[in-house]
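Colleague: I should like a close look at a single part of this model, with its setting described afterwards. Please give the cut-offs for each term as you use it.

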Amino acid sequence: MLEFVREVGWRTVDNVHGLGGIALYGSRLVYETLAPPYRLRRLLDELYNSGVLSLAIICTSGTAVGFVLALQGYNTLVRFGAEQSVGAVVGLSLIRELGPVLTALLVTGRAGSAIAAEIGAMVATEQLDGLRMMSVDPVDYVTQPKALGLALSMPLLTALFIVFGLFGGYLVGVGLLGVDAGVYFSSLENTIDFRNDVLGSVLKSVVFGMIVGLISTWRGYTAAPNSAGVSAATTGAVVQASVATLMFDYVITALWGVGI
Amino acid sequence: MAAEHARGGAHVDVISVRLAFGERRVFDGLSCRFSQSKVSVILGASGVGKSTLLRLLAGLIRPDYGDLWIGEQEISRLPERQLRKVRRRLGMMFQGGALLDAMTVFDNVALPLREHTQLSEKEIAERVHAQFEAVGLKRVDALLPGELSGGMKKRAALARAMITEPEILLIDEPFSGLDPLAVRLIEALLREVNHGKGLTMILTNHHIGSTMRLADEIVFLSDGAAITGTVKEIKESKDPRIQRFLVAAGTGPALEEAS
Amino acid sequence: MNRSPIRDLLVGVFVLSGLAALAYLSIQLGGATYSGPGGLTLYASFDEIGGLQKRAPVVIGGVKVGQVKNIQLSSDGSFRARVTMDIDMTLKIPDDTQAAVLTQGVLGNQYVGLTPGGSDTLLADGGEIAYTQSAVVIERLIGKVIQSLGGGKDDKSGGGGGS
C-alpha cells in the first residue's frame with residue numbers, strides 16, 4: 001500500500017518536472033523563431049516535409065469525411081424534411097470541429113511521428129552532439145525549423161481539408177442523393193459565419209499546429225540515445241500530441257462560444 | 001590551480017573529477033593531464049569510461065565534482081553560451097562520424113564555416129576541398145553520409161572537425177569498425193595531422209596495437225582512476241590491472257570490466 | 001541540394017492553395033463583407049424580438065441584404081429591444097420602410113424582414129426605422145387561443161399560456 005502511494009507521489013513529481021522541461025523548451029523555440037539567424041532555407045524544407053508531403057492524406061481524408069457527413073447528414077435531415085440543408089450540416093461540422101481536429105490528428109500521425117523519429121535518431125547517432133561541438137545550437141538549427149514548419153502548415157492543411165470535405169459532401173449530396181447544387185451551396189453560405197465559425201476554426205488550427213510542433217520536436221529531442229528510445233519517442237509524440245489536441249479543442253470551443 | 005597546471009605545459013587538465021550515473025560511480029577523484037601538441041590515448045577496457053571522459057572534456061557532460069581545464073579556461077561550471085565559445089577551440093570526431101545524414105558530405109564539412117564565418121561560397125569551397133585532400137577523400141561532395149564506407153565516414157568527420165582549425169582534437173574510437181588496412185591508413189592520417197599542425201590530440205581507444213604505435217602519452221583508465229605514462233612506461237608497468245589488460249589484449253578482445 | 005527548385009515550387013503551390021482555401025472559407029462562405037466601414041447602419045426598436053439573435057439575416061423580399069449586428073435594451077427607458085443592423089450600403093432604404101421579426105418556416109430561425117415604403121426621403125447611415133412589427137411568440141399565441149376557447153378563469157382550460 002505504501003509502495004503505491006510512493007509510486008503516485010514519484011510519478012506526480014516526475015510529471016511536473018516534465019512539464020517544466022517542456023515549458024522551458026517551448027520558450028527556447030519561441031526565442032529561436034524570433035531571433036536571427038532566420039534559416040529560411042531550412043524552414044522551406046520543413047514546410048515541404050510537413051505540409052506538401054501531408055497533402056495526399058489530407059485531401060483524400062477530407063473528401064472521404066465529406067462523403068460520410070453528407071450521407072449521415074442526409075439520412076438524419078430527411079426525417080425532418082430538411083434534407084436541403086445538408087450543405088449547412090456538412091459545412092458546419094467540417095469548419096467548426098472536424099476540419100481542425102481531424103487535420104491535427106492526421107498530421108500528428110504523419111508528420112509529427114516522422115519529426116520525432118528523425119530528431120530521436122539524430123540524438124542516438126550523436127548528430128546533435130556533433131552540432132554542439134561545432135558551436136551550433138541543435139534547437140536553433142534542427143528543432144525550431146521543424147516545429148515552425150509544422151505549425152505554419154497546419155492552418156493551410158486544415159483549410160484544404162475543409163474545402164475537400166465540402167467538395168466530397170457536394171459529390172455525395174448533389175451527385176448521389178439529389179440535393180440541388182445551388183441549394184447545397186446557398187445553405188452553406190447562409191449558415192457559415194466568419195466570426196463564429198471560420199475564425200474559430202483558424203484559431204484552433206493555429207493552436208493545434210503549435211502544440212503538435214512543440215510536442216513532436218520535444219519528444220524527439222529528449223529521446224534516449226538508442227533505438228528503443230527513438231521508438232518510445234515516436235509513439236509518445238503521437239499519443240501526447242493527440243491527447244493535447246483534443247483537450248485544447250474543448251477549451252477553445254468553450255471559450256470561443258462564450259466570449260466573441 | 002592555474003599556476004600548477006600551466007607549469008606542466010599541460011593543455012587539458014582534469015582535476016579530482018567525480019561522476020556518477022544514478023547508482024553507478026564512473027569516476028571517483030579522477031585526475032590526469034594531457035600535454036600540448038602530443039597525441040594522448042585514453043586506454044582501457046570497454047565500459048570503463050573512456051568515452052565519458054572524452055565527453056566531459058568536450059563539455060557535453062558536467063562532472064558532479066572537480067575541475068576541467070581547457071587551456072586557461074575552467075569549463076565544468078560554464079553556462080552553455082560561453083561553453084560554445086570554448087568549443088571553437090575544440091574539434092571532435094565522433095565514433096559513428098555524427099555527420100548530419102540529411103545533408104551532403106560537402107555541406108556537412110562546410111557547415112562550421114557557413115555558420116561561424118563570413119566567407120564567400122567560393123572560399124568555403126576552396127577550404128572544404130583542401131580538407132578533403134588533406135584527409136584523402138575524393139569525389140565525395142554530392143554523396144550523403146549514408147553512402148560512405150566506414151573509413152570514409154571517419155575521414156569526413158575528421159575533415160569537418162579540422163576545418164575550423166582547432167587547437168585540440170578529441171577523437172572517440174577512431175578505429176572502431178575498421179579493417180586492419182583501414183586502421184593503418186587512419187593511423188597514418190592522424191600522425192600526419194599531429195606532426196603537420198602540432199595539434200593536441202586526445203583519443204579513446206581499446207585497441208592496443210594502434211595505441212602503442214600512435215601515442216606519445218597513455219592515460220590508462222581503471223576503477224574510476226587514471227594511470228598516466230609514456231608508451232614505454234605503460235608497457236613495463238608493474239600495475240596488475242595494466243598487465244592484465246595488456247595480456248588479455250594480446251590474446252583476444254579486451255576484458256569487459258564494469259566498474 | 002539539387003532537389004530544391006522542384007521542392008520550392010511545390011511548397012509555393014501548397015502555401016498558395018492553402019491561402020486560397022482560407023480566403024474562400026472566409027469570404028465566400030463566411031460573408032466577411034457585411035461587417036465593415038462600408039456598411040449602412042440602421043436601427044429599429046421592437047416590443048418583442050422573440051428568438052432573434054445577432055448575425056441573423058436582414059432580408060428584403062427574401063433576399064439577404066445584411067445582418068443583425070447588435071441587440072440591446074433601448075436606452076430611453078421604454079424597455080424595447082433596440083436592434084442594430086448592418087445593411088449593404090448600395091441600397092436606398094426609404095424612411096417609411098417597415099421592419100418585422102419573422103420566422104423561417106414555422107419553427108425555424110428568426111430574421112428581420114424589411115418591407116420598403118414609397119417615401120422619397122431615404123434613411124441615412126445611423127437612421128432609425130420607425131415602423132416595426134414585433135415577433136410572434138408561439139407560447140403567447142397558444143395562450144390566446146386557449147383563453148379564447150375556454151374563458152379566463154375556467155379550470156377546464158388547464159391554465160393559460162405555458163409551454
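Modeller: I begin with Ser135(A), which counts as partly exposed because it has 18 C-beta neighbours inside 10 Å. The scale behind that word calls a residue buried if 20 or more other C-beta atoms lie within 10 Å of its own, exposed if 12 or fewer, and partly exposed in between, with C-beta atoms placed from the backbone. The model is predicted, so local features are given only at pLDDT of at least 70 and side-chain atom pairs only at pLDDT 80 or more, while totals for chains, interfaces and linings use all residues. Residues are numbered from 1 along each chain as its sequence is written, and chains are lettered from A and ligands numbered from 1 in the order in which they are written.

The backbone of Ser135(A) has a phi near 60°, a positive value in a residue other than glycine. Most residues other than glycine have a negative phi, and most peptide bonds are trans. Ser135(A) sits in the loop that connects helix H5 (127-133) to helix H6 (138-176) of chain A. Helices (H or I, at least four residues) and strands (E, at least two) are DSSP runs, numbered from the N terminus.

Another loop of chain A, between helix H1 (2-34) and helix H2 (40-50), holds Pro37(A). There, Pro36(A) and Pro37(A) are joined by a cis peptide bond, with omega about 0°.

These loops belong to a chain with 9 helices and 0 strands. The C-alpha trace of chain A spans about 65 × 55 × 35 Å along its principal axes, and 50% of its 260 residues are buried. Two residues are in contact if their C-beta atoms, placed from the backbone, lie within 7 Å. Of the contacts in chain A between residues at least 6 apart in sequence, 87% join residues at least 24 apart.

Chain B offers a parallel to the starting point: Ser37(B) also has a positive phi near 60°. Its loop lies between strand S2 (24-35) and strand S3 (39-43) of chain B, and Ser37(B) is partly exposed because 16 other C-beta atoms lie within 10 Å.

As for the assembly, 2 pairs of chains are in contact, and chains A and C share the most contacts. Chains B and C do not touch, their nearest C-alpha atoms being 8 Å apart.
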